[in-house]
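Please take me through this model stop by stop, saying what to select and what is found there. Keep the tour plain.

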Amino acid sequence: MKLLYDLKDECKKALCLKENETIWYCVPFDLVYDFSERLAKEEYTDGEAYLVVTEYRMMVLCGTTVLKEFVLSECKEIKCETQVHCGVVVVTDDEGKHMAARFSLRHITRVAYVARGADVLVQGLNERIESHEYETYCEKCGRAMPGTSKCPYCDGKAVVLKKFWKLCKGYQWKLLAISCFMVIASGISILMPDIQQNFIDNILLTKAGDYTDIVKFVLTMLGLTAALIIINVVRNWWCVSLGAMLSMDLREMLYQKIQILSISFINKRKPGELMNRVSRDTAQIRRFMEEIFGSMISTIVTMIASLIMMLTLDVKMTFYSTAMIICAIVITRLFWRNIHKIFHKQWLRDDEMRSGLQDVISGMRVVKAFGKEEEESAKFERLSQNFARMQVKNETFWAVFFPILMFIMSAGSYIAIYFGGLEVLEGGMSVGELMQFVTYTGYLFGPLAWMTHLPRSVVQMITSLNRIYDVLDEEPELKDGEEAKAIEIKGDIKFNDVSFGYNSYEPVLEHISFDVKAGEMIGLVGASGTGKSTIINLIMRLYDVNRGSISIDGIDIRDIEQTSLHSQLGVVLQETFLFSGTILNNLRFVKADATNEEIIRACKAANAHDFICKMPDGYNTYVGEHGYNLSGGERQRIAIARAILNNPRLLILDEATSALDTESEFLIQQALERLTAGKTTFAIAHRLSTLRNADRLIVIDGHKIAEIGTHNELLEKKGIYYGLVTAQLEMAAGKEADENVIS
């Protein structure tokens, strides 16, 4: 993403740059205050407003006027904040807080980067912040870009055709066969009116023929009609087969691509949106191949051949007849851009509706628990109404647009009959030739009527194709390097000056450094939101660090194959997830070839075997979607057993005992003590008593490591950890006192 835009010479002069001063960042924004006049009203700029940062100053430039200037050495903090429908850059100095710039959310990413870069300079770090996110909006057309570096709306028809041809790779022989069949069908269709004209003029009107000539004509026409039917049946069967295969391939490609894309990409998309791309958009490609492509080539060939035959018969009549075609083409072209836009909007509404439906169905227990059925029904009704209104608007457009084009086409046919009739009456054309010309006119205008639907179908296909390739063209943020290799993990882990933010301009962790020896158990402690789970995410390499490095056994984690790393991880996350299926299937998810003895041993270690055996179907009990047939503690213990079954070299426990009662937690702690022996373990727990046996505790505060040491060492320091333990003891004492009062 571009963070250094070019300024006009007169704008640069307005900055009054010193001799040794250079511009580090310069980005546009669109809402400013007139600081010079102290006006309280907002004004939209015409694209000439910039936020400029040098190594010494930050300036707000509007045209050739510097509206505000901040000396970085006098600032304490510069940050970007999100407000309702806009963002602001806030500067803090000795006098308080000042708003430097205000902008619409389309500029949030790049302005936030610049604010972060300016703040780094304020802190005395002479470093440049580089951008990693893609531009949110296309600078050429101004439309929102769905996550890729290329705008699908500015690609052009050639790129779309290239994508379509790439999609058909491996099926070219079928496409060629279908095309040949369609050309043959077109040839037969063009031949039939010529046979009909010869029969009318040379047999019927002259009465030179007999019964045999009539039989020959009828049999010939029946034979050609039968041949057309057979060709069309074979063509349609191949088109259906091709559409089904392409749709299947696309679904598999999309699913596999989604599997390898980074978590950050998945988090930015609504589940309903991704599901639509896998199901509805691939189905749209199938429908296009079945219903449109099969007829498209034969229709075009028939139209061209019919036009040539019409010109051969009568040039003047052809000109009069086809004059209306130009009018139809012009009208269609005028509405083409609008057609693309309305379908894009309609499918966005469909994405919103499906995502809303999935959210409600997935969270139905919460909805019912809080009695929010009516509110959620009203919310879904609004989404459904928005989608319905967009559908009605689109269909109304076609209900008006299509009859107008049909009228224009019909007018062309009647013009041909009028002038042809005059030619017959004057002796310039025979009746058979008129019938032949009118038939060719039907071949020309009939397909044209069909082709009025073509823009709609093509736009739907192009929209779906762009949405599909939006995912397929997305590059995974996490890739194995060229020298990445599979290793057998021992467990030595080192964080070397690691800084990371889910948006790199908004850090969650800063300058984190620590070493872990193989077999150590490390407890991560801190308030919610300080970055404990983020450290775990980085160890699992769900994200890559923005700065610094993480190494395992002396090898940079980016040089370890992801499959090798993940296969040696045992993970129990705070949000326990079980797949729809049996308990046995969920346990074998991490190890498909696990024996019954291994599974039972893991479940006993996780204190899950007893409650599983009490179920009617035991290990074959169906747990339902997300495992909602089980209690929270039961789901947690199955998740722990699943991690144990993998026999990991690195064990990660994110609130692994949070859903257990006191007795079960005690049993689990005993099991974990045995299981973690010889394994490097990272554990997060807000109940600090569960971490007292950890080899070391790392306390995270303010995005950095505040304290590190054993339980007893940190208590002696009487710092942050001491305060957390004291607070929990007071809460526990208060709870015990309340129970005594009640009893």
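Which residue forms a salt bridge with arginine 57? Select glutamate 21: this is the partner, and the closest N and O atoms of the pair are 3.0 Å apart. Bear in mind throughout that the model is predicted.

**Stop 1: the pair in context**

Colour the chain by secondary structure to place the two side chains. Arginine 57 belongs to strand E5 (residues 57-62), while glutamate 21 sits in the loop between helix H1 (9-15) and strand E1 (23-28). The pair links distant parts of the chain, with the two positions 36 residues apart. Arginine 57 has a relative accessibility of 9% and therefore counts as buried, the cut-off being under 20%. Glutamate 21, at 5%, is buried as well.

**Stop 2: the whole chain**

Zoom out. The chain has 22 helices and 19 strands. Of its 743 residues, 47% are buried. Among contacts with a separation of 6 or more, 71% are between residues 24 or more positions apart. The structure holds 13 salt bridges.

**Stop 3: helices H5 and H8**

Select residues 211-260, which are helix H5, and residues 280-313, which are helix H8. The two pack with their axes 8 Å apart, at an angle of about 150 degrees. This angle makes H5 roughly antiparallel to H8, because angles over 145 degrees are classed that way. H5 passes H8 in a right-handed crossing. To see the contact, show side chains on both helices. On the H5 side, the residues include Arg235, Cys239, Leu242, Leu246, Leu250 and Leu254. On the H8 side, they include Thr282, Ile285, Arg286, Met289 and Glu290. By type, the residues of the contact of H5 with H8 divide into 10 nonpolar, 6 polar and 4 charged.

**Stop 4: arginine 280 and aspartate 281**

Stay on H8 and go to residue 280, where the helix begins. Arginine 280 forms a salt bridge with aspartate 281, and their closest N and O atoms are 3.7 Å apart. Are these two residues buried or exposed? Arginine 280 counts as buried at 13% relative accessibility. Aspartate 281 is buried too, at 0%.

**Stop 5: helices H4 and H5**

Keep H5 displayed and add helix H4, residues 172-204. What is the angle between H4 and H5? They pack at about 160 degrees, and their axes are 10 Å apart. H4 is thus roughly antiparallel to H5. Here the crossing is left-handed. The residues of the contact of H4 with H5 divide into 23 nonpolar, 5 polar and 3 charged.

**Stop 6: glutamine 562**

Next, select glutamine 562, which is found in helix H15 (residues 562-567). Its relative accessibility of 18% puts glutamine 562 among the buried residues. Which residues does glutamine 562 touch, not counting those up to four places away in sequence? They are Leu478, Lys479, Asp480 and Arg541.

**Stop 7: lysine 591 and glutamate 598**

Finish with another salt bridge. The side chains of lysine 591 and glutamate 598 meet at 3.2 Å, N to O. Lysine 591 is partly exposed at 27% relative accessibility, and glutamate 598 is partly exposed at 24%. Elsewhere, salt bridges that share partners join Glu21, Arg57 and Glu69 into one network. To close the tour, add Glu69 to the pair from the opening stop and view the network.

Key. Residues are numbered from 1 along each chain as its sequence is written. This is a predicted model: local features need pLDDT of at least 70, side-chain atom pairs count only at pLDDT 80 or more; totals for chains, interfaces and linings use all residues. Side-chain values use heavy atoms; hydrogens and water are left out. Axes are lines fitted to C-alpha atoms, for helices over the stretch in contact, and angles run from 0 to 180 degrees between N-to-C directions. Helices (H or I, at least four residues) and strands (E, at least two) are DSSP runs, numbered from the N terminus. Angles under 35 degrees count as roughly parallel, over 145 as roughly antiparallel, 65 to 115 as roughly perpendicular and the rest as oblique. A crossing is left-handed if the near helix is turned anticlockwise from the far one by less than a right angle, and right-handed if clockwise. Contact means heavy atoms within 4.5 Å. Ala, Val, Leu, Ile, Met, Phe, Trp, Tyr, Cys and Pro count as nonpolar, Asp, Glu, Lys and Arg as charged, and the others, Gly among them, as polar. A salt bridge is a side-chain nitrogen of Lys or Arg within 4 Å of a carboxyl oxygen of Asp or Glu. Buried means under 20% relative accessible area, exposed over 50%, partly exposed in between (1.4 Å probe, protein chains only).
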